Amino acid sequence: MSRRKAREVAVQALFQLDFNQVNTETAMEAVINEHEGISESSRQYAQKLINGTQHSLAEIDAIISSSSNEWKLDRMAAVDRNIARIAIYEMKFSEEQLPPNVAINEAVEMAKTFGSEDSSRFINGILGSLVKKKG
């Protein structure tokens with residue numbers, strides 16, 4: 001199973017959900033139809049990430065807002081916001097929580113793929129700030 005591929009599907013679906021009035025299954029299917037060879041286990045993990053992030057969205061967004069002094073949530077690039085949401089879900093809310101260094105690394109790599117030139121630094125800063133506040 002490729003969890004990275006599942007995260008990519010999840011971030012793209014969450015991005016769609018930010019802007020379109022569709023349900024999670026429709027958003028996920030639209031993303032999966034654009035990719036070839038997504039395994040069933042990756043598909044299931046992506047669904048878990050999407051549902052879990054959506055379920056805890058208010059709490060996750062509050063965490064992002066408290067960690068981002070410079071940027072309001074609605075002013076952040078949508079892709080960056082959704083990458084951060086998934087990372088925070090995996091660190092704090094998932095049944096099998098990821099260690100912060102793993103979640104941050106995965107988020108930074110996704111930001112390099114999907115975000116702007118500055119996205120990886122932005123994501124690293126937001127998530128790193130969150131970890132520093134905790135510890």
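Serine 42 is buried, with a relative accessible area of 4%. The model is predicted, and this residue is a good place to enter it. Serine 42 sits in helix H3. Serine 2 lies 40 residues away along the chain, yet the C-alpha atoms of the two serines are separated by 5.8 Å. Now take alanine 77, which is 35 residues from serine 42 along the chain. Here the C-alpha atoms are 26 Å apart.

Serine 2 itself belongs to the segment before H1. Is it buried or exposed? Its relative accessible area is 33%, so serine 2 counts as partly exposed.

Go back to H3. This helix has 16 residues. From its first C-alpha to its last it reaches 22 Å, close to the 22 Å expected at 1.5 Å a residue. Which of its residues are buried? They are Ser42, Tyr45, Ala46, Gln47, Leu49, Ile50, Gly52 and Thr53. A general rule helps in reading such a list. An α-helix has 3.6 residues a turn, so residues three or four places apart point the same way. What covers the buried residues of H3? The cover includes helix H1 (3-19), H2, helix H4 (57-67) and helix H5 (78-93).

Next, look at how helices pack. Two packed helices are described by the angle between their axes and the distance between the axes. Start with helix H2 (residues 24-32) and helix H3 (residues 40-55). They pack at an angle of about 140°, and their axes are 11 Å apart. That angle makes H2 oblique to H3. The crossing of H2 past H3 is right-handed. On the H2 side, the residues that meet H3 are Thr24, Glu25, Met28, Glu29 and Ile32. On the H3 side they are Arg43, Ala46, Gln47, Ile50, Asn51 and Gln54. By class, this contact of H2 with H3 holds four nonpolar, four polar and three charged residues. Two names return here. Ala46 and Ile50 take part in the contact with H2, and both are among the buried residues of H3.

Turn to H4 and H5. What angle do they pack at? The angle is about 105°, with the axes 10 Å apart. That makes H4 roughly perpendicular to H5. H4 brings Leu57, Glu59, Ile60, Asp61, Ile63 and Ile64 to the contact. H5 brings Arg81, Ala84, Arg85, Ile88, Tyr89, Lys92 and Phe93. The residues of this contact divide into eight nonpolar, no polar and five charged.

H5 also packs with H1. The axes of H1 and H5 come within 9 Å and cross at roughly 125°. The two helices are therefore oblique to each other. Their crossing is right-handed. From H1, the contact takes Arg7, Ala10, Val11, Leu14, Phe15, Asp18 and Phe19. From H5, it takes Ala78, Val79, Arg81, Asn82, Ile83, Arg85, Ile86 and Glu90. By class there are nine nonpolar, one polar and five charged residues in the contact of H1 with H5. Arg81 and Arg85 of H5 appear in this contact with H1, and they appear in the contact with H4 too.

How many of the 16 residues of H5 are buried? The number is 14, so H5 is largely enclosed by the rest of the structure. Its length also fits expectation. At 1.5 Å a residue, the 16 residues of H5 should span 22 Å, and the end C-alpha atoms are 21 Å apart, which agrees.

Some single residues complete the tour. Glutamate 8 is found in helix H1. With a relative accessible area of 14%, glutamate 8 is buried. Leaving aside its neighbours within four places in sequence, glutamate 8 is in contact with Met110 and Phe114.

Asparagine 101 is in helix H6 (residues 100-114). Is asparagine 101 buried or exposed? At 56% relative accessibility, it counts as exposed. Asparagine 23 is 78 residues away along the chain, and the C-alpha atoms of the two asparagines are separated by 31 Å.

Last comes serine 120, in helix H7 (residues 119-134). Its relative accessibility is 16%, so serine 120 counts as buried. Which residues does serine 120 touch, not counting residues up to four places away in sequence? They are Val108, Ala111 and Lys112.

Notes
Residues are numbered from 1 along each chain as its sequence is written. This is a predicted model: local features need pLDDT of at least 70, side-chain atom pairs count only at pLDDT 80 or more; totals for chains, interfaces and linings use all residues. Side-chain values use heavy atoms; hydrogens and water are left out. Axes are lines fitted to C-alpha atoms, for helices over the stretch in contact, and angles run from 0 to 180 degrees between N-to-C directions. Helices (H or I, at least four residues) and strands (E, at least two) are DSSP runs, numbered from the N terminus. Angles under 35 degrees count as roughly parallel, over 145 as roughly antiparallel, 65 to 115 as roughly perpendicular and the rest as oblique. A crossing is left-handed if the near helix is turned anticlockwise from the far one by less than a right angle, and right-handed if clockwise. Contact means heavy atoms within 4.5 Å. Ala, Val, Leu, Ile, Met, Phe, Trp, Tyr, Cys and Pro count as nonpolar, Asp, Glu, Lys and Arg as charged, and the others, Gly among them, as polar. The expected span of a helix is 1.5 Å times one less than its number of residues. Buried means under 20% relative accessible area, exposed over 50%, partly exposed in between (1.4 Å probe, protein chains only).
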